[in-house]
Amino acid sequence: MTDEAPMTCEAALRLLAEFLDGELGEARHQEVEHHLAACRSCFSRAEFERRLKAEIGSLRREEISPSFDARVRQLLDSFSTSPRGSAGGS
Amino acid sequence: MTAEAEEHRWFEHAVQALLPELLGVARRLAWNPADAEDLVEETIAKGWLARATLRERDRFNGWMIRILTNLFLSKYRFEAHHPHEPLETEGDFSLFERMHQPFLLWWSTPEQEFLDRLLREDLVHAIEGLAEPFRIVVTLADVEELSYAEIAALLEIPIGTVRSRLARARAQLQKALWDHACQAGLRKEQKEVGPE
């Protein structure tokens, strides 16, 4: 049991980015989590921000063009013939 | 096979497997495709030279991404692209709130519709349009998934600055996506389905 008032929407939204980034302490994190479980509007907002963040995260991989692949292969091949400790050609 | 040949073969395979990720992070950081490819090549060369310092091969991916990030940031700091460039922002812009304006409520869940229609190129374009300090902080937080403390250490700025810069960067990113959505027909579609 706690005497603390429940978190308001304003407070929850102010902490939302840090909540989604995993930057809140455990107690704060749980407070936001409880608010989201009880507030449909804030929950929808949080889901939207979470999905958008995930979409940005998906940009972590880029398609490799044949020409760049060839450049990298050439660089890697140079390591096998160069003396130890030399990066060869860079 | 000699130990050296085995090491070379292992490094080659590990780099090939990680290449799409190395280029992805480089593209988000460096923006310019040619600079991004140069950055990846430099990272691979540096990784090969420093391979003896990698204690566990399981940590290769994170280790290489860190080398790439540090190389980029050292160039960024050295060249001091825009050290005092004013960072204009859109304040507290929220895409979610914009989509929940009354005139758009014909869609039951406009934010879901928006995300379902969001194209990779739209997002890439929006990130590329950010001022460099904003693009870097978004990439470190959302693409590399670094903590605020790690970002603060890499950028040599206080954690509070990371927090505020990230908030402004995300607001600007959402504003760019909103503007693009409007140009791409969000309003037009609302007009088509709305009552007369």
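This report walks through a predicted model of two chains, from overall make-up to single residues.

Residues count from 1 along each chain as its sequence is written, and chains are lettered from A in the order in which they are written. Because the model is predicted, local features need pLDDT of at least 70 and side-chain atom pairs count only at pLDDT 80 or more, while totals for chains, interfaces and linings use all residues.

**The two chains**

Let us start with the overall make-up. Helices here are DSSP runs of H or I with at least four residues, strands are runs of E with at least two, and both are numbered from the N terminus. A residue is buried if 20 or more other C-beta atoms lie within 10 Å of its own, exposed if 12 or fewer, and partly exposed in between, with C-beta atoms placed from the backbone. Two residues are in contact if their C-beta atoms, also placed from the backbone, lie within 7 Å.

| Chain | Residues | Helices | Strands | Buried residues |
|---|---|---|---|---|
| Chain A | 90 residues | four helices | zero strands | 23% |
| Chain B | 196 residues | 10 helices | zero strands | 33% |

In chain B, 69% of the contacts between residues at least 6 apart in sequence join residues at least 24 apart. For chain A, 50% of the contacts with a separation of 6 or more are between residues 24 or more positions apart.

**How confident is the model?**

The model scores ipTM 0.82 and pTM 0.80. On pLDDT, the predictor's confidence in each residue from 0 to 100, chain B averages 84, and 82% of its residues score at least 70. Among the elements of chain B, helix 2 (residues 33-49) has the highest mean pLDDT, 96, and helix 10 (residues 186-193) the lowest, 49. Over residues 188-196 of chain B, pLDDT stays under 50, and the model has five contacts beyond four places in sequence for this stretch. Where pLDDT is low, the predicted coordinates should not be read in detail.

**Nonpolar cores**

A nonpolar core is a set of buried Ala, Val, Leu, Ile, Met, Phe, Trp, Tyr and Cys residues joined through C-beta atoms within 7 Å. The largest one has 49 residues, and those with the most contacts inside it include B:Leu22, B:Leu68 and B:Val138. Helix 1 of chain B (residues 3-30) gives the largest share of this core, nine residues. Apart from this core lies another, of eight residues, among them A:Met7, A:Leu13, A:Phe19 and A:Cys42.

Take a look at B:Leu68: beyond four places in sequence, this residue touches B:Leu22, B:Val25, B:Ala26, B:Leu39, B:Val40 and B:Thr43. B:Ile65 lies in helix 3 of chain B (residues 60-79). This isoleucine counts as buried because 21 other C-beta atoms lie within 10 Å. Residues up to four places away aside, B:Ile65 touches B:Val25 and B:Glu144.

**Helix 7 against helix 9 in chain B**

Two packed helices are described by the angle between their axes and the distance between the axes. Axes are lines fitted to C-alpha atoms, for helices over the stretch in contact, and angles run from 0 to 180 degrees between N-to-C directions. Helix 7 (residues 132-143) and helix 9 (residues 159-183) of chain B have axes that come within 9 Å and cross at roughly 100°. The two helices are therefore roughly perpendicular to each other, a label for angles of 65 to 115 degrees, with those under 35 roughly parallel, those over 145 roughly antiparallel and the rest oblique.

B:Val138 lies in helix 7 of chain B and is buried because 24 other C-beta atoms lie within 10 Å. Its contacts beyond four places in sequence include B:Leu166, B:Ala169 and B:Leu173, and also A:Ile56 from the other chain. B:Val138 and B:Arg168 are 30 residues apart in sequence, and their C-alpha atoms are 9.9 Å apart in space.

**Where the chains meet**

The contact between the chains takes 28 residues from chain A and 33 residues from chain B. On the chain A side, helix 3 (40-57) and helix 4 (66-81) are the elements that give two or more residues, and helix 3 gives the largest share, nine residues. A:Leu76 lies in helix 4 of chain A and counts as buried because of its 20 C-beta neighbours inside 10 Å. Beyond four places in sequence, A:Leu76 is in contact with B:Glu12 and B:Val15.
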